[in-house]
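Grab a coffee and work through these short exercises with the model open beside you. Try each task before you read its solution.

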Amino acid sequence: MNQSALIRPDWTPATIALMVLGFVVFWPLGLAMLAYILFGEKLKTFKKDANSTVDGMCSAFKRGNRANWKQHHRTGNVAFDDWRQAELTRLDEERRKLDEMREEFDSYVRELRRAKDQEEFDRFMRERRNGGSGPVAPSEAN
């Protein structure tokens, strides 16, 4: 890192002045400057590690589906990896069953609504044929 920089993660007069000014203006700014002074050197490696981890996950998702991503992360313990794979397969099967049940329920509710609508329509048509014109509107009641 360039040690001649005016603002660097170190106890320089500029960073101390910015920290004090930050506390005077708005205390979280001063706290952020203090964190930068104390942990600024570590931020570069933290950012690099976080970015490489996220990039690895995103590239795995771009390459294929989630099943491929799950396959690439082995722990080294064969028994655990086999158990985990069996559990993931079981959970995927449960998810598929739940999705099927939800679709069945949605179609049941749709059919129920259709039957209710049909019943209301049939009742309206019966009342209309029997001489009634259906419910009386408030302006026609007078």
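## Warm-up: the overall layout

From the N terminus on, the elements of the protein chain run α-α-α-α. Keep in mind as you go that this is a predicted model.

**Exercise 1.** Work out how many helices and strands the protein chain has, and what share of its residues counts as buried.

*Solution.* Start with the elements: the secondary structure comes to four helices and zero strands. Next, look at burial. The protein chain has 142 residues, and 11% of them count as buried. Then turn to the surface: the chain exposes about 12000 Å², with carbon and sulfur atoms supplying 60% of that area. Finally, check the contacts. Among those between residues at least 6 apart in sequence, 26% join residues at least 24 apart.

## The nonpolar patch

**Exercise 2.** Find the nonpolar surface patch and say which element gives the largest share of it.

*Solution.* First, pick out the members on the model: Trp11, Ile16, Leu18, Val20, Leu21, Val24, Val25, Phe26, Leu29, Leu38 and Phe39 make a patch of about 1100 Å². Now sort them by element. Two helices give two or more residues each, namely α1 (13–25) and α2 (27–63). The largest share, six residues, comes from α1.

Take Val25 as a test case. Val25 sits in helix α1 and counts as exposed because its relative accessibility is 58%, where the cut-off for exposed is over 50%.

**Exercise 3.** Stay in α2 and look at Leu43: how far is its C-alpha from that of Pro9?

*Solution.* Place the residue first: Leu43 is found in helix α2. With a relative accessible area of 43%, Leu43 is partly exposed. Now compare sequence with space. Leu43 and Pro9 are 34 residues apart in the sequence, yet their C-alpha atoms lie 9.7 Å apart.

## Helix α4 from end to end

**Exercise 4.** Check the span of α4 against the expected value, then inspect what happens at its start and just after it.

*Solution.* Count first: α4 covers residues 78–129, which gives 52 residues. From first C-alpha to last, α4 reaches 76 Å, close to the 76 Å expected at 1.5 Å a residue. At the start of the helix, a side-chain oxygen of Asn77 comes to within 3.1 Å of the backbone nitrogen of Ala79. At the other end, just after α4, Gly131 takes a positive phi of about 100 degrees.

**Exercise 5.** Is Asp81 buried or exposed, and which side chain does its own side chain meet in a polar contact?

*Solution.* Asp81 is located in helix α4. Its relative accessibility is 4%, so Asp81 counts as buried; the cut-off is under 20%. Now look for partners. Leaving out residues up to four places away in sequence, Asp81 touches Arg74, Thr75 and Gly76. Of these, Thr75 has a side chain that makes a polar contact with the side chain of Asp81, at 2.9 Å.

## Salt bridges along α4

**Exercise 6.** Trace the salt bridges that involve Asp99, and explain how the spacing of the partners fits a helix.

*Solution.* The structure holds seven salt bridges; here we follow some of them. Begin with Arg95 and Asp99, which form a salt bridge whose closest N and O atoms are 4.0 Å apart. Then see that Asp99 also meets Arg102 in a salt bridge, 3.5 Å from N to O.

Now for the spacing. Because Arg95 and Asp99 are four residues apart in helix α4, about one helical turn separates them. Asp99 and Arg102, also both in α4, are three residues apart, about one turn of the helix. An α-helix has 3.6 residues a turn, so residues three or four places apart point the same way.

Last, check accessibility. Arg95 counts as exposed at 52%, while Asp99 is partly exposed at 27%. Arg102 is partly exposed too, at 47%.

**Exercise 7.** Which residues are linked with Arg96 in a network of salt bridges?

*Solution.* Start from the pair Arg96 and Glu100: their closest N and O atoms are 2.3 Å apart in a salt bridge. Both lie in helix α4, four residues apart, about one turn. Arg96 is partly exposed at 38%, and Glu100 counts as partly exposed at 39%. Now widen the view: Glu93, Arg96 and Glu100 are linked in a network of salt bridges.

Definitions and conventions. Residues are numbered from 1 along each chain as its sequence is written. This is a predicted model: local features need pLDDT of at least 70, side-chain atom pairs count only at pLDDT 80 or more; totals for chains, interfaces and linings use all residues. Side-chain values use heavy atoms; hydrogens and water are left out. Buried means under 20% relative accessible area, exposed over 50%, partly exposed in between (1.4 Å probe, protein chains only). A polar contact is a pair of N or O atoms within 3.5 Å; within protein, one must be able to donate a hydrogen and the other to accept it, and residues adjacent in sequence count only if both atoms are side-chain atoms. Contact means heavy atoms within 4.5 Å. Patches are made of residues with over 30% relative accessible area and no salt bridge: like charges are joined within 9 Å, nonpolar side chains (Val, Leu, Ile, Met, Phe, Trp, Tyr) within 5 Å. Accessible areas come from the Shrake-Rupley method with a 1.4 Å probe; for residues, only the protein chains shown count as cover. A salt bridge is a side-chain nitrogen of Lys or Arg within 4 Å of a carboxyl oxygen of Asp or Glu. The expected span of a helix is 1.5 Å times one less than its number of residues.
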